[in-house]
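I am opening a fresh page for this protein, and I mean to look things up one at a time and write down what I find. The entries follow the order in which I went through the model.

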Amino acid sequence: QGINAEYGESKAMRRIFGTKKPQLPPVSLEESTKRLDNRAEQLDSKIKKLDAEILGYRDQMAKLRPGSAQNMLKQKALRALKQKKMYEGQREQLMNQAFNLEQTTFTTQSLQDTALQVQALRYANQTLRSQFKEFEIDDVESLQDEIQDLMDQSNEINELMSRSYETPYNLDDADLEDELMSMEAEEVTDSSVPSYLLDLPSASSSKIESRVGQGESQSQQYGVL
């Protein structure tokens with residue numbers, strides 16, 4: 001009985017105050033702009049059909065003589081022209097509405113981007129503050145000075161290690177360079193050939209001559225021509 005009584009009271013309250021209607025999800029600006037664009041495209045197609053229809057009526061009127069038939073076509077052409085003007089006005093309204101929605105969409109997106117940028121700047125500010133707490137400017141300056149001193153010492157050491165030593169016998173680089181530039185290619189002469197190579201041809205020729213002389217004497221001895 002208690003459950004039935006509560007159900008009856010809730011039913012009566014709904015009759016008096018009505019029930020709460022379910023809330024529909026909000027339509028986005030992009031979706032609204034798309035719907036307006038679709039409607040504008042439909043109107044464009046209708047206007048094109050009416051243009052073709054009006055041109056057809058005009059061509060038929062040109063072929064007819066003045067009379068009832070021509071007047072009938074003229075009335076049809078005027079109705080089509082009025083309908084075309086009405087569609088053009090509606091298309092103009094839709095285009096203006098779509099333009100306003102696009103402007104609103106741009107402004108909304110710009111504000112959202114600005115909010116994200118502000119959030120990123122706040123995070124970067126906190127990060128920089130926490131990092132600057134880890135060191136001071138004087139420490140960085142002293143560190144740079146110390147590194148510069150070390151670099152200067154290293155350069156001095158490199159200059160000392162790359163220094164050239166003096167050449168013995170008091171040789172002057174300028175004199176050596178002059179002598180190098182004045183040198184010419186020398187031809188190979190007999191003086192540049194070792195003496196033991198020069199003696200070989202004479203020795204071999206003398207041996208050959210002695211052997212030839214011995215052969216002639218033996219031939220004469222035995223009567224060989």
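**Entry 1: the loop after H3**

I began with Phe135, which I find in the loop between H3 and H4. Before going further I note that I am working with a predicted model, and I keep that in mind for everything below. I looked up how much of Phe135 can be reached from outside, and with a relative accessible area of 41% this residue is partly exposed. Its surroundings at the surface interested me next, and I found that Phe135 joins Leu128, Phe132 and Val140 in making a nonpolar surface patch of about 380 Å².

I then turned to Glu136, which is found in the loop between helix H3 (68-132) and helix H4 (137-161). Is Glu136 buried or exposed? Glu136 counts as exposed because its relative accessibility is 51%, and I note for the reasoning that exposed requires over 50%. Glu136 also belongs to a surface patch, in this case a negative one, whose other members are Asp138, Asp139, Glu141, Asp145, Glu146, Asp149, Asp152, Glu156 and Glu159.

**Entry 2: the chain as a whole**

Having looked at one loop, I stepped back to the overall make-up. I count six helices in the protein and zero strands, and reading from the N terminus the order of elements is α-α-α-α-α-α. What share of the 225 residues is buried? I get 8% for the buried residues. The accessible surface of the protein comes to about 21000 Å², and carbon and sulfur atoms account for 54% of that area.

I also looked at how contacts are spread over the sequence. Taking contacts between residues at least 6 apart in sequence, I find that 75% join residues at least 24 apart.

**Entry 3: Thr33**

I picked Thr33 for a check of its cover, and its place is in helix H2 (residues 29-63). The relative accessible area of Thr33 is 9%, so this residue is buried. Which residues does Thr33 touch, not counting those up to four places away in sequence? I list Ala98, Leu101 and Glu102 as its partners.

**Entry 4: salt bridges**

My next step was to go through the salt bridges, of which the count comes to three. I took Arg91 and Asp44 to begin with, whose side chains meet with a distance of 2.7 Å from N to O. Arg91 lies in helix H3 and Asp44 in helix H2, so this pair ties together parts that are 47 residues apart in sequence. I checked the exposure of both partners: Arg91 is partly exposed, its relative accessible area being 25%, and Asp44 is partly exposed as well, with 26%.

I then looked at Asp51, which forms a salt bridge with Lys84, and I note 2.6 Å between the closest N and O atoms. This pair, too, links distant parts of the chain, with Asp51 in helix H2 and Lys84 in helix H3, 33 residues apart. How do the two compare in cover? I find Asp51 partly exposed at a relative accessible area of 27%, whereas Lys84 is buried at 16%.

Lys84 appears again in a salt bridge with Glu88, where the closest N and O atoms are 3.9 Å apart. I noted the spacing in sequence as well: Lys84 and Glu88 are four residues apart in helix H3, which means that about one helical turn separates them. Glu88 counts as partly exposed, with a relative accessibility of 23%. Putting these pairs side by side, I record that Asp51, Lys84 and Glu88 are linked in a network of salt bridges.

**Entry 5: two C-alpha distances**

Lastly I looked up two pairs of residues for their separation in space. Gly56 lies in helix H2 and is partly exposed, with a relative accessible area of 26%. Between Gly56 and Ala77, which are 21 residues apart in sequence, I read a C-alpha to C-alpha distance of 8.8 Å.

Leu78 lies in helix H3, and at 37% relative accessibility I enter this residue as partly exposed. Its partner in my look-up was Ile54, 24 residues away in sequence, and the C-alpha atoms of Leu78 and Ile54 are 8.2 Å apart in space.

Notes: Residues are numbered from 1 along each chain as its sequence is written. This is a predicted model: local features need pLDDT of at least 70, side-chain atom pairs count only at pLDDT 80 or more; totals for chains, interfaces and linings use all residues. Side-chain values use heavy atoms; hydrogens and water are left out. Patches are made of residues with over 30% relative accessible area and no salt bridge: like charges are joined within 9 Å, nonpolar side chains (Val, Leu, Ile, Met, Phe, Trp, Tyr) within 5 Å. Accessible areas come from the Shrake-Rupley method with a 1.4 Å probe; for residues, only the protein chains shown count as cover. A salt bridge is a side-chain nitrogen of Lys or Arg within 4 Å of a carboxyl oxygen of Asp or Glu. Lys and Arg count as positive and Asp and Glu as negative; His and the chain ends are not counted. The place of a charge is taken as NZ of Lys, CZ of Arg, CG of Asp or CD of Glu. Helices (H or I, at least four residues) and strands (E, at least two) are DSSP runs, numbered from the N terminus. Buried means under 20% relative accessible area, exposed over 50%, partly exposed in between (1.4 Å probe, protein chains only). Contact means heavy atoms within 4.5 Å.
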